[in-house]
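Grab a pencil and try each exercise before you read its solution. Keep the structure open beside you as you go.

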Amino acid sequence: AYSFPPAGVSVWNAYSVPVKESTTVRLKLKPLCDAREVYVLIWSKKHKDNCRYTIGGLKKGEWSEVEFRAIEARVGWARTGPSLEDDVLDNFKLVFEGAPADRILLDDFEVLP
């Protein structure tokens, strides 16, 4: 498992997956603090903006398995813009609100075409 602070963890150029209906992101998260939500930011070269996905329902000290389709990530904080469909998934950033000493554990991160 990898521990990351509120400022986030980034994964750049580790993947190069064309986004289609079936493209899925899977990971496990375990907050070591009271962070209830984690924001997934995925840069879209097509839209020249971040697409966002919010992971909620996290409980301190408990592992949560997370799975979402990449097309569920959308442009804008309200996630009302276009999706990542027909883009290339090649980066991620996970961030959350918390104190500088807060941490979340990340494990089993994978992208399925």
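**Exercise 1.** Leaving aside its neighbours within four places in sequence, which residues is I55 in contact with?

*Solution.* Keep in mind that you're looking at a predicted model.
Step 1: skip anything within four places of I55 in sequence.
Step 2: list what remains in contact with I55, namely L27, L29, R36, E37, V38, V40 and V66.
Step 3: put I55 in its setting. The largest nonpolar core has 31 residues, and I55 joins L27, L29 and L89 as the members that touch the most others.

**Exercise 2.** Find out which elements give two or more residues to the largest nonpolar core, and which of them gives the most.

*Solution.* Step 1: go along the chain and note the strands β2 (9–18), β3 (24–31), β4 (38–44), β5 (49–55), β6 (64–69), β8 (88–95) and β9 (104–112), since each gives two or more residues to this core.
Step 2: pick out the top contributor. That's β9, with four residues.

**Exercise 3.** Look at the backbone of N13 and K48: what is phi for N13, and what is phi for K48?

*Solution.* Step 1: recall the usual case. Most residues other than glycine have a negative phi.
Step 2: check N13. Its phi is positive, about 55°, and N13 is not a glycine.
Step 3: check K48, which is no glycine either and has a positive phi of about 55°.
Step 4: locate them. N13 is in strand β2, while K48 is in the loop between β4 and β5.
Step 5: judge exposure. N13 has 62% relative accessibility, so it counts as exposed, because the cut-off is over 50%. K48 also counts as exposed, at 62%.

**Exercise 4.** Describe the aromatic cluster formed by Y15, F92 and F109, pair by pair.

*Solution.* Step 1: know what to report. A pair of aromatic rings is described by the distance of the centres and the angle of the planes.
Step 2: take Y15 and F92. Their centres are 6.0 Å apart with 85° between the planes, which makes the pair edge-to-face. Y15 sits in strand β2 and F92 in strand β8, 77 residues apart.
Step 3: take F92 and F109, again edge-to-face, at 4.9 Å centre to centre and 80° between the planes. F109 lies in strand β9 and F92 in strand β8, so this pair ties together parts 17 residues apart in sequence.
Step 4: buried or exposed? F92 and F109 are both buried, whereas Y15 is partly exposed at 22% relative accessibility.

How values were computed:
Residues are numbered from 1 along each chain as its sequence is written. This is a predicted model: local features need pLDDT of at least 70, side-chain atom pairs count only at pLDDT 80 or more; totals for chains, interfaces and linings use all residues. Side-chain values use heavy atoms; hydrogens and water are left out. A nonpolar core is a set of buried Ala, Val, Leu, Ile, Met, Phe, Trp, Tyr and Cys residues joined through side-chain atoms within 4.5 Å. Buried means under 20% relative accessible area, exposed over 50%, partly exposed in between (1.4 Å probe, protein chains only). Contact means heavy atoms within 4.5 Å. Rings of Phe, Tyr and Trp (its six-membered ring) pair if their centres lie within 6.5 Å; planes under 30 degrees apart count as stacked, over 60 as edge-to-face and the rest as tilted.
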